[in-house]
Amino acid sequence: FNKMSNEITDKDIEELVQKTQKEFKRNILYLGTLFVVFGTITYFVINNLPTFTEAEKQQIYKFPRGAKDLQDIAKVITSYSETNYYGVMAAFCCLYIFLQTFAIPGPVFLSILSGALFGGVTGFTLVCF
C-alpha cells in the first residue's frame with residue numbers, strides 16, 4: 001500500500017498476490033504434514049492392538065453405513081474392549097480426533113458408538129474433550 005498517495009498500485013497488488021501464494025503453499029504443506037503424521041499415529045495405535053480374528057476384522061475395518069453396521073461393530077468392539085479397555089480407548093480417541101480434525105465423515109457414528117462402548121458419561125467425555 002503506497003502511503004504517500006493513499007493509492008494501491010499494481011506493484012502493491014503483485015506483492016500481495018505473491019505473499020498470499022507463498023503463505024498458501026506453506027499452509028498446504030503444513031496441513032499435508034499434519035495429515036500424514038496423525039494418520040500414521042492413528043494407524044500404528046490401531047495396528048499395535050492385539051489382533052482380531054478374520055471375521056472380527058471384516059466387521060471392524062469397514063465404514064459404517066447404518067445402524068446395523070454400528071451394532072455389528074459395537075458387538076465386536078464391546079467384547080474386545082472388555083479385555084483391552086485402555087487400548088481400545090486410545091485407538092478410539094486417536095481415530096475420533098483424526099476424523100474430526102480433517103472433517104472426514106464418521107465422527108457422528110463414533111459419537112454414538114462411544115456411548116455404547118464406554119457408557120454415557122465416559123463416552124460423552126471422550127467425544128467432547
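# Exercises on side-chain pairs and burial

Lys 62 is partly exposed, with 32% relative accessible area. This value, like those below, comes from a predicted model.

**Exercise 1.** Find the salt-bridge partner of Lys 62 and state whether that partner is buried or exposed.

Solution.
- Step 1: Lys 62 forms a salt bridge with Asp 69. Their closest N and O atoms are 3.4 Å apart, and the cut-off is 4 Å.
- Step 2: Asp 69 has a relative accessible area of 17%. Buried means under 20%, so Asp 69 is buried.
- Step 3: The bridge thus joins a partly exposed lysine to a buried aspartate.

**Exercise 2.** State how many salt bridges the structure holds, then describe the one between Asp 72 and Lys 68.

Solution.
- Step 1: There are three salt bridges in the structure.
- Step 2: Asp 72 and Lys 68 meet through their side chains at 3.2 Å, N to O.
- Step 3: Both residues belong to helix H3 (residues 67–83), and because they are four residues apart there, about one helical turn separates them.
- Step 4: Asp 72 is buried at 16% relative accessibility, whereas Lys 68 is exposed at 55%.

**Exercise 3.** Place the salt bridge of Glu 54 and Lys 57 in its helix and classify the exposure of each residue.

Solution.
- Step 1: The side chains of Glu 54 and Lys 57 come to 3.7 Å, N to O.
- Step 2: Helix H2 (residues 54–60) holds both, three residues apart, about one turn of the helix.
- Step 3: Glu 54 has a relative accessible area of 55% and is exposed. Lys 57, at 28%, is partly exposed.

**Exercise 4.** Classify the geometry of two aromatic pairs: Tyr 43 with Phe 44, and Phe 92 with Tyr 96.

Solution.
- Step 1: A pair of aromatic rings is described by the distance of the centres and the angle of the planes.
- Step 2: The whole structure contains ten aromatic pairs. In one of them, Tyr 43 and Phe 44 lie 5.5 Å apart, centre to centre, with 75° between the planes. Planes over 60 degrees apart count as edge-to-face, so this pair is edge-to-face.
- Step 3: Tyr 43 is exposed at 51% relative accessible area, and Phe 44 is partly exposed at 45%.
- Step 4: Phe 92 and Tyr 96 have centres 6.0 Å apart and planes at 20°. Planes under 30 degrees apart count as stacked, so this pair is stacked.
- Step 5: Both Phe 92 and Tyr 96 are buried. They lie in helix H4 (residues 85–101), four residues apart, about one turn of the helix.
- Step 6: Phe 92 and Tyr 96 also belong to one aromatic cluster with Tyr 85, Tyr 86 and Phe 118.

**Exercise 5.** Identify the contacts of Thr 42 and say whether Thr 42 is buried or exposed.

Solution.
- Step 1: Thr 42 is part of helix H1 (residues 10–47).
- Step 2: Leaving aside residues up to four places away in sequence, Thr 42 touches Cys 94, Leu 95 and Phe 98.
- Step 3: Thr 42 counts as buried because its relative accessibility is 7%, and buried means under 20%.

**Exercise 6.** Locate Ala 103 and give the sign of its phi angle.

Solution.
- Step 1: Ala 103 sits in the loop between H4 and helix H5 (107–118).
- Step 2: Its phi is positive, about 55°, although Ala 103 is not a glycine.
- Step 3: With 67% relative accessibility, Ala 103 is exposed.

Key:
Residues numbered from 1 in each chain as written. Predicted model: local features only at pLDDT ≥ 70, side-chain atom pairs only at ≥ 80, totals over all residues. Heavy atoms only, no water. Phe/Tyr/Trp six-rings, centres within 6.5 Å; stacked < 30°, edge-to-face > 60°. Buried < 20%, exposed > 50% of the residue type's maximum accessible area, 1.4 Å probe, protein only. Helix = DSSP H or I, 4+ residues; strand = E, 2+ residues; numbered from the N terminus. Contact = heavy atoms within 4.5 Å.
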